[in-house]
Amino acid sequence: MRVYFPALSSDLGEEQISLRQAFVAVPSPDMGREDVEVLEDDAQVEAALASLILLRDAPTHAYARIVLATDIQTDAVPSGTGVLEVNNVRCDWNDVVAILADDGETSEQVRRVIEADNQDQADHAISDLWEFPLQWFDVSERDALREILK
């Protein structure tokens, strides 16, 4: 099952990702391929938003949205369809199939989200940030990405 983990730049140097909330896309049986792809994108967006929350709570990390796309088996998925939150899931780097992240050029936009003083500022900053799609990195590029995000 593809599980999307929000992450921090420090996670790129860890052997195992700590237990945390993650997101899965569970399509309904009648969904077409395009609808499934949209649902996967929505799960990635939820994980990216969660990465901003992690960053807000630990602002000493690089200002970047980071999502780890993993293939793991978990019994933690609640029943239902759509984008579902799974809690207390653990993964290691062998499970990661891709890293979705900002490439360092959006750090100012991410900083504006993290430092917003009110909801209106945060909403506007997130809207601006979403003009920049997450970049796809192969898991073998983890060390290079960590250097980019220093």
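**Exercise 1. Which residues line the second largest pocket, and which classes do they fall into?**

Solution. Step 1: the lining of the second largest pocket consists of D41, Q44, V45, A48, R65, L100, W130, F132, P133 and L134. The pocket search ran on a 1 Å grid over the protein atoms alone: a pocket is an open set of points where a 1.4 Å probe fits, with protein on both sides within 12 Å along at least five of seven lines, and a lining residue has an atom within 4 Å of a point. This is a predicted model in which local features need pLDDT of at least 70 and side-chain atom pairs count only at pLDDT 80 or more, while totals for chains, interfaces and linings use all residues. Residues are numbered from 1 along each chain as its sequence is written, and side-chain values use heavy atoms, with hydrogens and water left out.

Step 2: sort the lining by class, where Ala, Val, Leu, Ile, Met, Phe, Trp, Tyr, Cys and Pro count as nonpolar, Asp, Glu, Lys and Arg as charged, and the others, Gly among them, as polar. The result is seven nonpolar, one polar and two charged residues.

Step 3: assign the lining to elements. Helices (H or I, at least four residues) and strands (E, at least two) are DSSP runs, numbered from the N terminus. Helix α1 provides the largest share, four residues.

Step 4: the volume of this pocket is about 190 Å³, taken as the space filled by probe spheres set on the points, with grid points joined across faces, edges and corners.

**Exercise 2. Which helices each supply at least two residues to the lining of the largest pocket?**

Solution. Step 1: list the lining of the largest pocket, which is L49, L52, I53, R56, V113, I114, A116, N118, Q119, A122 and I126.

Step 2: α1 (33-57), α2 and α3 (119-129) each reach that number. The most comes from α1, with four residues.

Step 3: by class, the lining holds eight nonpolar, two polar and one charged residue. The space in this pocket is about 240 Å³.

**Exercise 3. Is Q109 buried or exposed, and which residues does Q109 touch?**

Solution. Step 1: Q109 belongs to helix α2, residues 107-114.

Step 2: Q109 is classed as buried because its relative accessibility is 17%; buried means under 20% relative accessible area, exposed over 50%, and partly exposed in between (1.4 Å probe, protein chains only).

Step 3: leaving out residues up to four places away in sequence, Q109 touches L129 and F132, a contact being heavy atoms within 4.5 Å. F132 also appears in the lining of the second largest pocket.

**Exercise 4. How many salt bridges does the whole structure have, and where does R2 find its partner?**

Solution. Step 1: a salt bridge is a side-chain nitrogen of Lys or Arg within 4 Å of a carboxyl oxygen of Asp or Glu. The search of the whole structure returns nine.

Step 2: R2 pairs with D71, with 2.8 Å between the closest N and O atoms. The pair connects distant parts of the chain, 69 residues apart: R2 sits in strand β1 (residues 2-7) and D71 in strand β3 (residues 66-71). R2 is partly exposed at 32% relative accessibility, and D71 is partly exposed at 35%.

Step 3: within helix α1, E37 and R33 are four residues apart, about one turn of the helix. Their side chains form a salt bridge at 3.5 Å, N to O. R33 is exposed, with a relative accessible area of 70%, whereas E37 is partly exposed at 40%.

Step 4: R111 and E115 form another salt bridge, at 2.4 Å from N to O. Salt bridges with shared partners join E108, R111 and E115 into one network.

**Exercise 5. Which strands are joined to β5 by bridges, and in which direction do the pairs run?**

Solution. Step 1: two strands pair if DSSP finds at least two bridges between them. Strand β5 covers residues 96-101, and five of its six residues are buried.

Step 2: β3 and β5 run antiparallel and are joined by five bridges. One of the partners in β5 is A101, opposite I66.

Step 3: β5 and strand β6 (residues 135-137) also run antiparallel, joined by three bridges. Here L100 stands opposite W136.
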